[in-house]
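Here is a brief report for a reader new to this structure. It takes the cores, then a sheet, then a pair of helices.

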Amino acid sequence: MATCLLAMSLSAIAVVYAAHQGQERRSAGRVPQQETPGDGKKPVALWQQVVDTVGDRTHDVVVVIPLAKNAAPPPGLSRWPESGEAFLSPGLVEAGRGEGVTSRYGRFAGVISKEGLESPGERLAYVHPAAGLADREDMWEVTGFGQQGTGFPLGRHAYVFGVDRLYWGLFGLAVVPSLLLAAVAARGVNAFQEREGGAARVARGGRRSRFIAHVWRTVALGTAASCAVNLCALFTDLHVPAVDFVLDRDDVRSVMPLVGAAHLLTLLTVLGLLVVPRRRLRITPKPSRRRIAPHLDRIRSGCCRLFFLALLVTVRGTELAPESTRLTVYLTSLAITMVCAPAALATTLKSCGDLLVRAGRRRGAKTARAMGVLLKRPPLPLTALVSAVVVSIMLAGQVLLWNGVPGDLASQAQSTRERVGTSIVEVSGHASADGLRSFERALPDKAMLLAVHDRGDDGRGNLRVELVGSCEALRELAAPCSTKPKEVTDDGGHRGDARLEEFMRWNSIGPTGGTLTASHGSLAREATGIAGPVSLIVLGSDGASLSVPDMKRLAYRHLSASNSVDTPGGTWIVGAGMSLEASQWALLLSFVMVFCMAAVAAPVAAGRKAVPLTLCLALFILLLTAAGIGEAVASWLASPMDSRAWPTVTINALAPLTYAVAAGAGLITVGALRGKFAQSTAPASIPSREVPVCIAGTRLDNTRRQSARHGDRTSPGWDGAST
């Protein structure tokens, strides 16, 4: 397991590099070449880039109008789209299936081939708008496609986080934990080899050599598993789990030498960890340990008190600190909380162990008594187990916080959407008078339309906005209806309608500045036969919810090919998509880190008897409980810096990490079952106490000697270890 994770983590760095280079190369191949005076090239098409959304994720929509029939189309297209047609990428078709995206931009002409996409899962559309719907004045004349380093930025890489952050995330959350897992596993192998030396090796008839062969088979299987995953990525476009990204197999093929070098480096690292003998530490005599124990107990008790104090300061004290020192106070108290967390857990586990021992003695429950001994026995091996799980989840919560927290405006926009929903939709773009009339006629029965006109400022820098529409639509917003513009005030028509309040807030209209007026009239009274800028509001009758995808489809069909349709402040929610995508990657890498920490601390048994399955199940439940506690503490620690309206670090967001803990803790039960099987099949000449019971064939310690040294001759022989 450790070999497989380390090889895959190192290979992932090479694959990320190849994927980034491939995206930039394919994106440069479709960049339009602008017309330059004197170059002798004639324009072949009109080109415009607009942005649209499916859900809350953005994608590019390229509006093209061919001017030369014999010109080569953009990469990925077999031909130029006809008037009213659209080519969509497979990723956009799949993601927008529920929103009817194939009919949003016009007739569906086909899919864009992989050669014209940054990645196989990219969302992209090429649209040739119908006659009268193109904003030709805003379009560029292009002479071809494919120009390195110049032109327009096009593609998903223009909206997502930098690749450097992903490199650091892979190194810190995947490579380092998997390397730690491999180091602890190798230490367990070395410990077993030391015990199997000398005359014991002769008595066991070469059992040490068989164990070494088993270890190398395990290393080979781990390497083969990693190679199998990379081979799958060679022959198919691999979808990365938990994130919306598809890996191009051609990119993986381009870095196969680096992937092979990563596997070779993994084998050399594991070989080095296995060959280097474990340093023999001088065992402190028992009297000296007794003299140090009181000091350790006092230090542990002090750290436990400091933990709760730092936790309180982190959660509540940060809010009371001045704005200039708030971040410093938060980070300092957070660091103290994480450092002192193991001491608090050790104190809690020791207290619980005493209770279990007493309860087990009174009721004769051997499992409860053994669990209590394991919890309280120095040097508290289970403390490392629980601390590794809890602290790693706390660290994962901080990774999610600083990568995925949305901005203040995005949080305010989310609050607006939760308050009014989709009962009000703003539409902006270009339209002619006929287009406005046809758009209004195409609206559903429950929808009403208002036009928003910018009347400039009042000479003092205050914005003036006028709403124009039918009296029915104005009354829907509780606005006055008059043939002459009448101001919307708190004493007039503005009687606490939530939609009007949100509209005024997002258009900077309020007591501090700006004036809103309303008048009855035709929407198209100021429009002409030539398309011009328009701003509209679509209202749901009696607060009914509207379908934003349907509004987008009608806007593309009747208004123009370049428009914006969303709820008030919705563009800020869309802009937070980069942070949300970064949090998905952070959660995926945190899953790997938490699994490695749980696996490193997985208990290993070697004693007189096979480990009781009931005890293993009790430890399994304890680890899951520790995961729940870690998630609750992590969300609480992140609350001072997290958004209240749109929290990033919640128990639900961290819930996938529970599966990582369950996978690592599940090795306990597997180890118990393997131990029972090994003991049942052991030769009669070999004493049962010498049959190793381990998880994944690693980390074996002489627990009998440790139990005797600690004065506990009734313990079942457990010790903290790893896989």
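## Cores, sheet and helix pair

In this predicted model, the largest nonpolar core has 76 residues. Leu382, Val389 and Ile393 have the most contacts inside it. Helix 18 (residues 577-600) gives the largest share of this core, 13 residues.

Take Ile393 as one of those centres. Leaving aside neighbours within four places in sequence, Ile393 is in contact with Val594, Ala627, Gly630, Glu631, Ala634, Leu657 and Val661. There is also a second, separate core, with 21 residues. Ala447, Val468, Val538 and Val565 are among them.

Now the sheet. Seven strands form it, and it is open. Their order is 13-14-12-11-15-10-16, with mixed pairing. Strand 13 (486-487) and strand 16 (564-566) stand at the edges. Each has a single partner strand, so one side of each is left without a neighbour in the sheet.

Strand 12 sits between strand 14 and strand 11 in that order. How does strand 12 pair with strand 11, and how with strand 14? With strand 11 the two run antiparallel, whereas with strand 14 the sense is parallel. The table sets out the two pairings.

| Strand | Partner | Sense | Bridges |
|---|---|---|---|
| Strand 12 (residues 463-469) | Strand 11 (residues 447-457) | antiparallel | six bridges |
| Strand 12 | Strand 14 (residues 515-520) | parallel | six bridges |

Individual residues show the pairing. Ala451 has Val468 of strand 12 as its bridge partner. Asp457 is partnered by Leu463, also in strand 12. On the strand 14 side, Arg464 stands opposite Thr515. Is strand 12 mostly covered or uncovered? It is mostly covered, with five of its seven residues buried. Val468, the bridge partner of Ala451, belongs to the second core.

A helix lies across part of this sheet. Helix 16 (residues 548-558) crosses over strand 10 (424-431), strand 15 (532-540) and strand 16. Helix 16 runs at about 160° to strand 16.

Last comes a helix pair. Two packed helices are described by the angle between their axes and the distance between the axes. For helix 1 (residues 2-28) and helix 7 (residues 256-275), the axes come within 8 Å and cross at roughly 145°. The crossing is right-handed.

Which residues of helix 1 and helix 7 meet? Helix 1 brings Thr3, Leu6, Ala7, Leu10, Ser11, Ala14 and Val15. Helix 7 brings Leu258, Val259, Ala262, His263, Leu265, Thr266, Thr269 and Val270. By class, the contact has 10 nonpolar, five polar and no charged residues.

Key
Residues numbered from 1 in each chain as written. Predicted model: local features only at pLDDT ≥ 70, side-chain atom pairs only at ≥ 80, totals over all residues. Heavy atoms only, no water. Pairing = 2+ DSSP bridges. Helix = DSSP H or I, 4+ residues; strand = E, 2+ residues; numbered from the N terminus. Contact = heavy atoms within 4.5 Å. Axes fitted to C-alpha atoms, helices over the stretch in contact; angles between N-to-C directions. Left-handed = near helix turned anticlockwise from the far one by under 90°. Nonpolar A, V, L, I, M, F, W, Y, C, P; charged D, E, K, R; others polar. Core = buried A, V, L, I, M, F, W, Y, C linked by side-chain atoms within 4.5 Å. Buried < 20%, exposed > 50% of the residue type's maximum accessible area, 1.4 Å probe, protein only.
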